[in-house]
Amino acid sequence: MKHLISCEKVLIRNIDQGAIMKLNKILKKAFLVTVACLVLSACATSKKTGQMQGDVYTGTDTVEYLASGVPDRVFFATNETVLTTAARETLRKQAAWLRKNSDLTIVLEGHADERGTREYNLALGERRANSAKDYLMTYGISSDRISVLSYGKERPVDSGSNPLAWSKNRRSVTVKAN
Amino acid sequence: MIRILFIILLLVSPIRAFALIEVDITRGNLNPLPVAVSPLSIDENSRKSFEKIIEKKNIGSEISLIVENNLKTSGLFNPLNKDAFLQAPDIANLKPRFEDWNLIKAQALITGKVSFINEKLRVEFRLWDVLAGKEMMALAFTTVPNNWRRVGHIITDKVYERLTGEKGYFDTRIIYVAEEGPKTKRIKKLAIMDQDGANNKFLTLGNELVLTPRFNPTSQMVTYLSYFRNLPRVYLLDIETGMQEVVGDFPGMTFAPRFSPDGKKIIMSFAKDGNSDIYTMDLENRIVEKISNHPSIDTSPSYSPDGKYICFNSDRSGYQQIYIMNSDGSNVKRISFGNGLYGTPVWSPRGDLIAFTKLHKGKFYIGVMRTDGSGERLLTENFYQEAPSWSPNGRVLIFYRETKTDSKGKGFSAKLWSIDLTGYNERLVDTPTDASDPSWSSLLSN
């Protein structure tokens with residue numbers, strides 16, 4: 001904007017008053033449009049960063065709770081089976097809850113988004129659920145208490161065809177089995 | 001269905017060198033061959049008898065309609081409008097007036113006759129070369145009246161074979177997954193229909209999730225994945241008897257099943273502890289063999305038609321790619337090297353090509369490549385499509401396509417589509433419900 005204003009000053013010397021008024025108007029409009037664009041894009045990005053980090057879902061829309069403060073699911077990046085920091089935190093809470101309730105058994109249901117072939121997604125879902133299982137086991141939960149079930153892309157929670165919906169669907173959900 | 005009596009009464013074997021008409025199916029056919037399908041003639045007594053049995057007014061016209069529709073959907077033939085036909089069906093079948101058929105630009109003519117003999121349906125038909133003024137083929141079939149649609153398909157197969165030099169694919173069926181309900185709670189059933197969409201039948205009730213049915217290339221058996229009792233396992237289904245049995249009862253998920261070319265083995269993935277590998281099971285002695293052994297995901301196996309090789313999908317390079325190996329699991333080689341991800345490799349019944357699904361820059365493609373990975377050709381691009389299955393003659397692929405939903409998650413549909421190997425003749429395959437995971441049977445007769 002600074003650059004534009006200095007331009008204006010130079011122009012004043014050569015152009016009559018009416019032209020300057022017009023120019024001012026144009027510049028004002030341009031300024032308003034630019035500001036509006038910046039605000040809008042800021043809104044859009046803040047919305048995104050609010051619910052996704054990279055392409056991993058970080059929101060709570062679809063999350064249910066196994067107990068107070070114990071979320072039931074963790075989310076993955078596209079084609080990934082590696083647990084994020086947030087996913088590990090959730091699983092540590094689940095592990096603590098499972099240690100407290102030692103008679104409980106669980107099923108880890110692994111899911112993929114719709115942007116992959118059916119059979120590969122079945123394998124991917126199985127691998128995601130096993131990532132969660134392995135982590136729970138390192139926090140002292142016996143594998144006897146955990147079974148794994150992959151749904152591939154068969155059971156999305158969000159039926160949208162957009163990156164946010166897909167991020168909610170790439171998940172491993174811990175479900176009480178008894 | 002199998003009980004069709006296949007008696008060839010007349011057989012005039014024409015010498016190929018004399019035939020003027022030939023249809024080239026190796027390239028996109030932009031000038032389909034004009035063919036006249038004269039309604040099969042029928043005497044009044046026979047017509048009445050069939051009307052009672054199959055509840056169609058004129059079985060002769062119905063059969064010729066099937067032939068006409070088949071020829072049209074093949075994209076290689078252009079069946080001419082019957083209104084322009086000058087010669088009566090019964091006389092045309094005896095001796096066509098070739099000048100008349102020439103006048104309406106027909107290059108080939110199909111005529112025939114239907115009769116009701118000893119409670120059986122007898123159909124004879126002839127294929128004529130209009131330009132040369134010669135009979136090219138004459139055949140007759142006798143079968144039970146309820147097989148009348150199949151007679152239409154068999155006639156088309158014979159005509160197709162005579163004119164293209166390759167076996168047809170019309171007397172075949174498609175098994176697929178019928179889908180209903182919202183995307184988040186889809187109900188899926190196994191369904192089967194004739195290749196032209198007739199005789200649709202649901203084989204399961206939809207109580208459990210079923211996926212990826214595949215035909216045995218040698219019989220009417222099907223292998224598929226069922227979530228019966230929430231245990232995803234590979235099952236075997238006999239379509240004739242309705243008998244089902246679990247074959248992949250391993251301590252984990254078994255999926256991605258397919259038959260070996262001789263129909264004696266099932267090849268599938270077995271997933272345990274986050275690792276999917278490829279296994280085979282001999283259906284006779286139930287011996288299980290581990291074929292691939294790698295900590296990555298190995299899935300979607302498909303045999304070469306000679307049974308010597310297996311193509312499969314693996315992410316051992318970091319992403320989904322297509323590999324081939326010997327049928328014992330040795331000599332694993334990656335063959336897909338283009339940009340993007342590759343999945344669902346299926347070996348052509350002719351042996352020379354592998355069909356696949358490709359994901360590149362947010363678009364899905366159905367394509368083919370040679371078995372060494374060279375000559376990649378993408379046939380169709382869309383928002384989402386996958387799972388090609390070959391027609392038994394290796395000339396057509398059937399696959400499924402899903403639509404993008406709107407911002408509210410509405411507008412989802414899944415449908416079957418077919419496309420010629422040439423990339424031409426893309427068609428929606430009509431099904432009563434939404435549909436996915438199609439598998440094409442081999443020819444039911446011969």
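**Figure 1. Chain A at a glance: five helices and eight strands.** In this predicted model, helices (H or I runs from DSSP, at least four residues) and strands (E runs, at least two) are numbered from the N terminus. Following the sequence of chain A, you meet them in the pattern α-α-β-β-β-β-β-α-β-α-β-α-β. Chain A has 178 residues, of which 38% count as buried. Here, a residue is buried if 20 or more other C-beta atoms lie within 10 Å of its own, exposed if 12 or fewer, and partly exposed in between, with C-beta atoms placed from the backbone. Two residues are in contact if their C-beta atoms, again placed from the backbone, lie within 7 Å. Among the contacts in chain A between residues at least 6 apart in sequence, 67% join residues at least 24 apart.

Two notes will help with every view. Residues are numbered from 1 along each chain as its sequence is written, while chains are lettered from A and ligands numbered from 1 in the order in which they are written. As the model is predicted, local features need pLDDT of at least 70 and side-chain atom pairs count only at pLDDT 80 or more, whereas totals for chains, interfaces and linings use all residues.

**Figure 2. Helices α3 and α4 of chain A cross at roughly 55 degrees.** Two packed helices are described by the angle between their axes and the distance between the axes. The axes of α3(A) (residues 85-100) and α4(A) come within 9 Å. Axes are lines fitted to C-alpha atoms, for helices over the stretch in contact, and angles run from 0 to 180 degrees between N-to-C directions. The crossing angle makes α3(A) oblique to α4(A); angles under 35 degrees count as roughly parallel, over 145 as roughly antiparallel, 65 to 115 as roughly perpendicular and the rest as oblique. The crossing is right-handed, a term used when the near helix is turned clockwise from the far one by less than a right angle, with anticlockwise giving left-handed. Look for A:R88, A:L91, A:Q94 and A:A95 in α3(A), which meet A:A132, A:Y135 and A:L136 in α4(A). By class, this contact has five nonpolar, one polar and one charged residues. Ala, Val, Leu, Ile, Met, Phe, Trp, Tyr, Cys and Pro count as nonpolar, Asp, Glu, Lys and Arg as charged, and the others, Gly among them, as polar.

**Figure 3. A:D134 sits in helix α4 of chain A, which spans residues 118-138.** A:D134 is partly exposed because 15 other C-beta atoms lie within 10 Å. The C-alpha atoms of A:D134 and A:D103 are separated by 19 Å, and the two residues are 31 apart along the chain.

**Figure 4. Chain A meets chain B through 23 residues from chain A and 33 residues from chain B.** On the side of chain A that touches chain B, the elements giving two or more residues are α4 and β7 (146-152) of chain A. Helix α4(A) gives the most, with 10 residues. The residues on this side of chain A divide into seven nonpolar, eight polar and eight charged.

**Figure 5. An open sheet in chain B has the strand order β14-β15-β16-β17.** Its four strands pair in antiparallel fashion; two strands pair if DSSP finds at least two bridges between them. Strands β14 (253-259) and β17 (288-290) of chain B stand at the edges with a single partner strand each, so one side of each is left without a neighbour in the sheet. From one strand to the next, the twist averages 30 degrees. Helix α4(A) packs on this sheet, touching β14, β15 (265-272) and β16 of chain B, and its direction makes about 160 degrees with that of β14(B). Strand β16(B) (residues 275-282) is joined to β17(B) by three bridges, and B:T280 stands opposite B:E289 in β17(B).

**Figure 6. A second view of a sheet in chain B shows the order β9-β8-β7-β30.** This open sheet has four strands with antiparallel pairing. Strands β9 (201-202) and β30 (434-440) of chain B are at the edges, each with a single partner strand, so one side of each has no neighbour in the sheet. Five bridges join β7(B) (residues 173-180) to β30(B). B:E179 stands opposite B:D434 in β30(B).

**Figure 7. B:E119 and B:R286 have positive phi values.** Most residues other than glycine have a negative phi. Phi is about 65 degrees for B:E119, which lies in the loop between β4 (108-117) and β5 (120-129) of chain B. B:E119 is exposed, with 9 other C-beta atoms within 10 Å. For B:R286, phi is near 65 degrees, and this residue lies in the loop between β16 and β17 of chain B. B:R286 is exposed, with 8 other C-beta atoms within 10 Å.
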